[in-house]
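Subject: Handing over a structure

Hello,

Here is the structure I promised to pass on to you. My notes on what turned up in it follow below, so you can read them with the model open.

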Amino acid sequence: MLDLFSGLETHVAITLVLSLGFVLAFEFINGFHDTANAVATVIYTQSMKPRLAVFYSGIFNFLGVITGGLAVAYAIVHLLPVDLLISVNTTRGMAMVFALLTAAIAWNLGTWYFGLPASSSHTLIGAILGVGVANSLIHGTSLSHGVNWSKAVDVGASLLASPVVGALLAALIVILLRRYRPHSNVHKTPYQRQQVEGRKHPPFWTRFMLIVSSMGVSFAHGSNDGQKGVGLIMLVLIGIVPAKFVLDLDSTPYQLDRTRDAAVHLQKFYERNQVELSKIIVPSKGSSQYECHPLETPATVQRLLATMGDGGDYHALSSDQRWNVRTELLCLDDAAKKASALPKLSADEKQMLQNLRKDLTTTTEYAPTWVIVAVALSLGIGTMVGWRRVVKTVGEGIGKKDMTYAQGVSAQMTAAISIGLASQFGFPVSTTQVLSSAVAGTMVADKAGLQMSTIRSIALAWLFTLPVSMLLAGGLYYIASLWL
């Protein structure tokens, strides 16, 4: 990280600082929303003091980001069409990054101000979709090419399914606790515990489970939401200092050999299936350097192999050669994805294409350790500053009665497990949606009722988040494009 600014002109260095600041600000505000949900229950039930809770939440967020991998990070990045990804080092690409981040920050701040557990994930995804759609409208291309819609459908499905699953599982846990532990203190609220027994904290094992599940949510949040910030920072670094970040310069000779082999195998696949592929892939009418041409995959492979040579180190390539290698790898990955749509492909062939895609992107989909640490710290600090508003909403505003210990444990256990599993499979989900829905599910299961005014406000925030963030980001990108 120390040599990040070496050799940069003053205006480029300033742009880099501002860009990184925007991303870290987004993650900082993400802490207001999502990480606050992770500590809401443990603070509300007085299982931990607020400062201690957010301190440990920050640590587990850090660990979650460190160990969470990059599947979610690049699932978010690849919502953008390939032509934008291969032009991110231009003013057009940087306008895209600033537009989507400004829109996401503005909407997150607004919903936080009113104490609404709105989804930072929804906001970011909406902003990315807005930029993609605006890019299509500006350049007169089909909307089907403006956004990676297949990836958008997968992401949308995970965002819609996760809160439903969270509500049902949390409700089931509460029902089981009511059935098998009907007289336990776990069904009391913090107020009842203090008034009836004169004790401030929950029973020992209840308190233990509340703390463990809260830290589990923090860890899961870091492994999922933290990755989104990592992906955005990589877009910024690739756009402003491409020579250092377009490729993983620490790639091993073995990884480079795997990349070359994958390109050769993909070339042979396209040559074998040229007639069938020409029927399902629409040739591009443009000749822009920012477009991929899947039907020209054999030629793309030859350019890639010629540029890479037989070397085992990306350091030997010039800045322009590194960018060309990245562009060709992204285009080949796109070609492999399109080839997967061929009818009558065998299961082995589909698996082969999937393996080729992994090998082709192994040196482009990465993140330096300092990027991951910076995102983790931003999430943790954001939690410490803005947790109060959301804690009150989750603890008292969703149900007509205050939250019981059983409801808190059930909601947090469900959120931690479901978000953790989503991270492992590369599905971006919303901590806010999962936890809030889980709390609502426990309230229904306990026949505590729901405060419809709060539920209505949260539902409206969820409903409007996607279209508003799309309009904001798309509008900002359109305005910026007028000046390009």
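Arginine 357 counts as partly exposed, at 23% relative accessibility. Please keep in mind throughout that this is a predicted model. Arginine 357 forms a salt bridge with aspartate 333, and the closest N and O atoms of the two are 2.7 Å apart. Its partner, aspartate 333, is buried, with a relative accessible area of 7%. Arginine 357 sits in helix α16 and aspartate 333 in helix α15 (residues 319-339), so the pair ties together parts that are 24 residues apart in sequence.

That pair belongs to a short list, as the structure holds six salt bridges. Another one also involves helix α16: the side chains of aspartate 359 and arginine 258 meet at 2.9 Å, N to O. Here distant parts of the chain are linked, with aspartate 359 in helix α16 and arginine 258 in helix α12, 101 residues apart. Aspartate 359 counts as buried at 15% relative accessibility, whereas arginine 258 is partly exposed, with a relative accessible area of 33%.

Helix α12 has a salt bridge within itself, too. Aspartate 257 pairs with arginine 260, their closest N and O atoms being 2.8 Å apart. Both residues lie in helix α12 (residues 253-272), three residues apart, which is about one turn of the helix. How do the two ends of this bridge compare in burial? Aspartate 257 is partly exposed, with a relative accessible area of 39%, while arginine 260 is buried at 10%. Lastly on charges, Asp334, Lys337 and Lys338 are linked in a network of salt bridges.

Now to the nonpolar side of things. The largest nonpolar core has 84 residues, and those with the most contacts inside it are Leu100, Leu237, Leu266 and Tyr314. Helix α5 (residues 91-113) supplies the largest share of this core, 10 residues. A second, separate core of 17 residues includes Ala170, Ala415, Ala422 and Leu435. If you would like one residue to start from, try leucine 100. Leaving out residues up to four places away in sequence, leucine 100 touches Leu124, Ala127, Ile128, Val131, Leu232 and Ala473.

There is also a nonpolar patch on the surface, of about 490 Å², made by Leu52, Phe55, Tyr56, Ile59, Leu63 and Phe219. Which helix gives the largest share of the patch? Helix α2 (residues 50-67) does, with five residues. Phenylalanine 219, another member of the patch, is found in helix α10 (residues 204-240). Phenylalanine 219 is partly exposed, with a relative accessible area of 33%.

When you look at that patch, the UniProt record may be useful to have at hand. Its unreviewed entry carries the annotation "transmembrane region" for residues 12-32, 53-76, 96-116, 123-143, 155-177, 229-247 and 459-480. Two of these spans are worth viewing in the model. Residues 155-177 are 100% helix and 0% strand, with the end C-alpha atoms 33 Å apart. Residues 229-247 are 84% helix and 0% strand, and the end C-alpha atoms there lie 19 Å apart.

Two individual residues round off the tour. Serine 19 is in helix α1 (residues 10-44). Is serine 19 buried or exposed? With a relative accessible area of 1%, serine 19 is buried. Apart from neighbours within four places in sequence, serine 19 is in contact with Met94, Phe98, Val236 and Ile240.

The other is alanine 367, in the loop between α16 (347-361) and α17 (369-397). Alanine 367 is buried as well, with a relative accessible area of 18%; the cut-off for buried is under 20%. Not counting residues up to four places away in sequence, alanine 367 touches Leu70, Val230, Met234 and Ile372. For one of these contacts, valine 230, there is a distance to quote: alanine 367 and valine 230 are 137 residues apart in sequence and 7.1 Å apart in space, C-alpha to C-alpha.

Enjoy looking around, and do write back with any questions.

Best wishes

Note on methods:
Residues numbered from 1 in each chain as written. Predicted model: local features only at pLDDT ≥ 70, side-chain atom pairs only at ≥ 80, totals over all residues. Heavy atoms only, no water. Patch = residues over 30% accessible without salt bridge, like charges linked within 9 Å, V, L, I, M, F, W, Y side chains within 5 Å. Areas by Shrake-Rupley, 256 points an atom, 1.4 Å probe, with all protein chains shown as cover. Salt bridge = Lys/Arg side-chain N within 4 Å of Asp/Glu carboxyl O. Helix = DSSP H or I, 4+ residues; strand = E, 2+ residues; numbered from the N terminus. Buried < 20%, exposed > 50% of the residue type's maximum accessible area, 1.4 Å probe, protein only. UniProt positions renumbered as here; feature names shortened; annotations may be inferred. Contact = heavy atoms within 4.5 Å. Core = buried A, V, L, I, M, F, W, Y, C linked by side-chain atoms within 4.5 Å.
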